[in-house]
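Here are some short exercises to work through with the model open beside you. Try each task before reading its solution.

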Amino acid sequence: MSPQPPSRGQRRKLRTRMALIEAAQEIYAGRGDLEVSIQQITEAADVGFGSFYNHFTSKAELLDAAIAEALESHAAWLDTVLSEVEDPAEVFATSMRLTGRLVRTRPRIARVLMGGREALLSAPYGHAPHARRDIEAAIAAGRFVTEDIAVALACTAGCLIAAMHLCSTDPDAPVEHVADQAVLNVLRMFGMQDAEARRIVALPLPADEPQPTSI
């Protein structure tokens, strides 16, 4: 039996929840925290004050949801655009290259990811488990050599966040070059020969890479 489509009330409730999450992402991206009043959050979301507690018990819970949604939506997008790529090393590298470019293509999401670096590194959702999966697959395929996946993941996240911060603080920074150089160095760190690492980093990116937007 096919699942019943959500009712009008359920759709309205989902829209309100998403509006609150997007408002929290915008505030967090701009400030680096969510130290504003609930009234300010609901006004930014253009929803009634009382709606807040129909969805979240606190601002901390809302912030967790905002970071999780950003990580999950980005990871799901990466899975979609890389679904036809068979080489796990290429999947890993292209994911990093696209994520580094978020500073220009999706700046709000980039700022949320940079601010939520602990989640980017160790959360059970979003980019962290996807990156771990790709590293494990590349090791199994003989493409990467690393003795500790947790350390490999930490090095990956640290390099990626640092490159994104470098570009976010300099509007004239060549984002594509910085992101690709970061990925090149990570591939070398994982034991890949320089010529092969350079070949992978020079591959064309998926055709449906997101265009620059304020989101």
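**Exercise 1. A pair of neighbours in sequence**

Task: Decide whether D134 is buried, partly exposed or exposed, and find which residue it forms a salt bridge with.

Solution. Start with the accessibility of D134: its relative value is 8%, so it counts as buried. The cut-offs are under 20% relative accessible area for buried and over 50% for exposed, with partly exposed in between (1.4 Å probe, protein chains only). Next, look for a charged partner. D134 forms a salt bridge with R133, and their closest N and O atoms are 3.1 Å apart. A salt bridge here means a side-chain nitrogen of Lys or Arg within 4 Å of a carboxyl oxygen of Asp or Glu. Last, check R133, which has a relative accessible area of 37% and is therefore partly exposed.

A word on the ground rules: this is a predicted model, where local features need pLDDT of at least 70 and side-chain atom pairs count only at pLDDT 80 or more, while totals for chains, interfaces and linings use all residues. Residues are numbered from 1 along each chain as its sequence is written, and side-chain values use heavy atoms, with hydrogens and water left out.

**Exercise 2. More salt bridges**

Task: How many salt bridges does the rule count, and which residues are linked in a network?

Solution. Applying the rule gives 11 salt bridges. Side chains of opposite charge can pair when their charged atoms come close. One example is R31 with D33, whose closest N and O atoms lie 2.9 Å apart. R31 is partly exposed because its relative accessible area is 46%, and D33, at 25%, also counts as partly exposed. For the network, trace D87, R143, E196 and R199, which are linked by salt bridges.

**Exercise 3. Along helix α11**

Task: Find what joins the side chains of R198 and D194, then list what V201 touches.

Solution. First place the helix: α11 covers residues 194-201. Helices are DSSP runs of H or I with at least four residues, numbered from the N terminus. R198 and D194 both lie in α11, 4 residues apart, which is about one turn of the helix. Their side chains meet in a salt bridge, 2.9 Å from N to O. R198 is partly exposed at 45% relative accessible area, and D194 is partly exposed at 32%.

Now move to V201, also in α11. Its relative accessible area is 10%, so V201 is buried. Leaving out residues up to four places away in sequence, V201 touches R97, D180, V183, L184 and L187; contact means heavy atoms within 4.5 Å.

To get a feel for distances, take two C-alpha pairs. V201 and A44 are 157 residues apart in sequence and 40 Å apart in space. D194 and P171 are 23 residues apart along the chain, with 30 Å between their C-alpha atoms.

**Exercise 4. A loop residue**

Task: Where does D46 lie, and is D46 buried or exposed?

Solution. Begin with the flanking helices: D46 sits in the loop between α2 (38-45) and α3 (59-81). Then check its backbone: phi of D46 is near 60°, a positive value in a residue other than glycine. Finally, D46 has 71% relative accessibility, so it counts as exposed.

Key
Helices (H or I, at least four residues) and strands (E, at least two) are DSSP runs, numbered from the N terminus.
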